[in-house]
Amino acid sequence: MYLYHMTIQNEFGENISSEKVLKEGLTHRTATRWYSRGANFFPELTERCRPTNLPKWIDFKVAFGADLEPYEKPYYRFPMFSDKILVFNFDISSELFAYLEDKYDGGNGALVEGLPSKEELMKQYWKSMMTLSDYLKHKPFNKPELYIFEQVPAKLIDYIE
């Protein structure tokens, strides 16, 4: 089974060259900015709602996203290589994002009407967390949000143009 990562600008607006990724591997520094996900929308809230006793390696500051299917070329492809790949429910991320949209839409609440509070959504987000292998066995939700919490070694990465 392969995972996929798009090759567009990173969070600093830089285009990371494929040569660099193929030489150094894929990390949060060489990953693209497309994968800004639910855990990053409200970082303080994410940490405050973090379940106790989670391993220290679950650190969103070093995590980056991936997909189960390719988006559009070019992209990187690599095998599922680690247990440090976690899946969250993307639908919950979408609901959290509505709170950001509401803020920029004047904060009148129309975009978040009927949604649980940000705090409740973040608790649900954490509850949705599972390893990629568990997700693939059970598929408890339709839209997975993948985070990789360690470097993808360069030798495992194919660049598909």
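A residue is called buried here when its relative accessible area is under 20%, exposed when over 50% and partly exposed in between (1.4 Å probe, protein chains only). By that yardstick S128 is buried, because its relative accessibility comes to 9%. The model is a predicted one, so to speak of local features takes a pLDDT of at least 70, side-chain atom pairs count only at pLDDT 80 or more, and totals for chains, interfaces and linings use all residues. Residues are numbered from 1 along each chain as its sequence is written, and side-chain values use heavy atoms, with hydrogens and water left out.

S128 sits in the loop between α5 (118–127) and β5 (130–131); helices (H or I, at least four residues) and strands (E, at least two) are DSSP runs, numbered from the N terminus. Neighbours within four places in sequence aside, S128 is in contact (heavy atoms within 4.5 Å) with V87, F88, N89, I92 and F141.

V87, F88 and N89 bring us to strand β4 (residues 85–89), which is largely enclosed by the rest of the structure because 5 of its 5 residues are buried. Cover comes from both sides: I85, V87 and N89 are buried on one face, L86 and F88 on the other.

What does β4 pair with? Strands count as paired if DSSP finds at least two bridges between them. With β6 (residues 144–148), β4 runs antiparallel and shares 5 bridges, and V87 stands opposite L146 there. With β5, the pairing is again antiparallel, over 2 bridges, and L86 has T131 as its bridge partner.
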